[in-house]
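Reader: Hey, I've got this protein open and I'm a bit lost. Can you walk me through some of the contacts in it?
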Amino acid sequence: MHPNITKIQESIAPLRQQIINHQVYTEISELEDLRIFMEHHVYAVWDFMSLLKSLQINLTCTTLPWVPVGDAVTRQLINEIVAGEETDVDAHGQVKSHFEMYLDAMEQCGADTSTINKFIISLNNGRSLEMAFELAQVPAAGRAFINATFETINSNQTHLQAASFTFGREDLIPNMFLSMVNDLNSTQPEQVSDFKYYLERHIEVDGDHHSHLALSMTEKLCSVDPDFWLAAEETAKAALQKRIDLWDAAHEEIVKNKEAALA
């Protein structure tokens, strides 16, 4: 392991622990709680794909006429990750992106997909992010999370994009959350099986092979520049803090919904 990678991992460890031990997980005990969580989490799933594609755009040739761009090993790393994230196979043998799998899991669970679908339709129709936020009425926490990611994307600094992607990624799911999902699936598989598959698949692919590829990519992009490594560390911290903020919002809504049900 590169010593600067180790340094970043040590620096962000407290933030990672805040996410892993977040109180939102202990609040999720019923399907309705899970639905609320998914309605928040979907924005992190979507902008993860946007961050990934920004790296592919900047690290490979995506225009015509084709010319070799950058380092060939880095091209291989990012293209392999893109293939796995954008064209994986779902629980039913259909080729789909992880985002599309997540939408399927939301629909099976009974979570509200109307807002995220309106958001995607608006973007497909050429609307700006801000306009799409307004048209779909995306919640404030989702907007803040996406805006922070797009600040990194729009910097066009690949070492920062790589740091956010590598250290702020989706490999922070605690065992207690998986146990809760497994428990729900054992009694209500017709509503939770797709989400269980998504989590297991995400951990299998992203938590192991892709994480190693992403670390290698970050190491190559930061190279021997100490300023790059320092900026990468700060970007990683900022990305994790935004994840905590998103989890805080999900927790607040779950608690509010439970209190309303008891009133």
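Reader: Let's start with Thr149. Leaving aside its neighbours within four places in sequence, what is Thr149 in contact with?
Author: Once you set aside the neighbours within four places in sequence, Thr149 is in contact with Asp47 and Leu51. Keep in mind that this is a predicted model.
Reader: Okay, and which helix does Thr149 lie in?
Author: Thr149 belongs to helix H8, which covers residues 140-154.
Reader: Is Thr149 buried or exposed?
Author: Buried: its relative accessibility is 9%, and the cut-off for buried is under 20%.
Reader: New topic: salt bridges. How many are there?
Author: The count comes to 13 salt bridges. As general background, side chains of opposite charge can pair when their charged atoms come close.
Reader: Show me one. What does Lys7 pair with?
Author: Lys7 makes a salt bridge with Glu233, at 2.7 Å from N to O. Lys7 lies in helix H1 (residues 3-20) and Glu233 in helix H12 (residues 226-262), so this pair ties together parts that are 226 residues apart in sequence.
Reader: And the two ends, are they buried or exposed?
Author: Lys7 is partly exposed, at 42% relative accessibility. Glu233 is buried, with a relative accessible area of 8%.
Reader: Got another one? What about Arg201?
Author: Arg201 forms a salt bridge with Asp88, at 2.8 Å from N to O. Here too distant parts of the chain are linked: Arg201 sits in helix H11 (residues 189-222) and Asp88 in strand S1 (residues 88-89), 113 residues apart.
Reader: Why does Asp88 count as buried but Arg201 as partly exposed?
Author: Because Asp88 has 6% relative accessibility, while Arg201 has 21%. The line between the two classes is drawn at 20%.
Reader: Ah, so that's the cut-off at work. Which residue does Glu134 pair with?
Author: Glu134 forms a salt bridge with Arg143, and their closest N and O atoms are 2.7 Å apart. Glu134 is partly exposed, with a relative accessible area of 42%, whereas Arg143 counts as buried at 17%.
Reader: Which residues are joined into one network by salt bridges that share partners?
Author: Lys7, Glu233, Glu234 and Lys237 are joined that way.
Reader: Back to H1 and H12, then. How do their axes cross?
Author: The axes of H1 and H12 come within 10 Å and cross at roughly 15 degrees. That makes H1 roughly parallel to H12, since angles under 35 degrees count that way. The crossing is right-handed.
Reader: Which residues make the contact?
Author: On the H1 side they include Ile5, Lys7, Ile8 and Leu15. On the H12 side, Trp229, Glu233, Leu240 and Trp247 are among them. So Lys7 and Glu233, the salt-bridge pair, also take part in this helix contact.
Reader: What's the mix of residue types there?
Author: The contact of H1 with H12 has 11 nonpolar residues, four polar and five charged.
Reader: Last one: what about H6 and H7, how do they cross?
Author: Helix H6 (residues 114-124) and helix H7 (residues 129-136) have axes that come within 8 Å and cross at roughly 140 degrees. Their crossing is right-handed.
Reader: And who's touching whom there?
Author: H6 contributes Thr115, Lys118, Phe119, Ser122 and Leu123, and H7 contributes Leu129, Ala132, Phe133, Leu135 and Ala136. By type, that contact has seven nonpolar residues, two polar and one charged.

Definitions and conventions
Residues numbered from 1 in each chain as written. Predicted model: local features only at pLDDT ≥ 70, side-chain atom pairs only at ≥ 80, totals over all residues. Heavy atoms only, no water. Salt bridge = Lys/Arg side-chain N within 4 Å of Asp/Glu carboxyl O. Helix = DSSP H or I, 4+ residues; strand = E, 2+ residues; numbered from the N terminus. Buried < 20%, exposed > 50% of the residue type's maximum accessible area, 1.4 Å probe, protein only. Axes fitted to C-alpha atoms, helices over the stretch in contact; angles between N-to-C directions. Parallel < 35°, antiparallel > 145°, perpendicular 65-115°, else oblique. Left-handed = near helix turned anticlockwise from the far one by under 90°. Contact = heavy atoms within 4.5 Å. Nonpolar A, V, L, I, M, F, W, Y, C, P; charged D, E, K, R; others polar.
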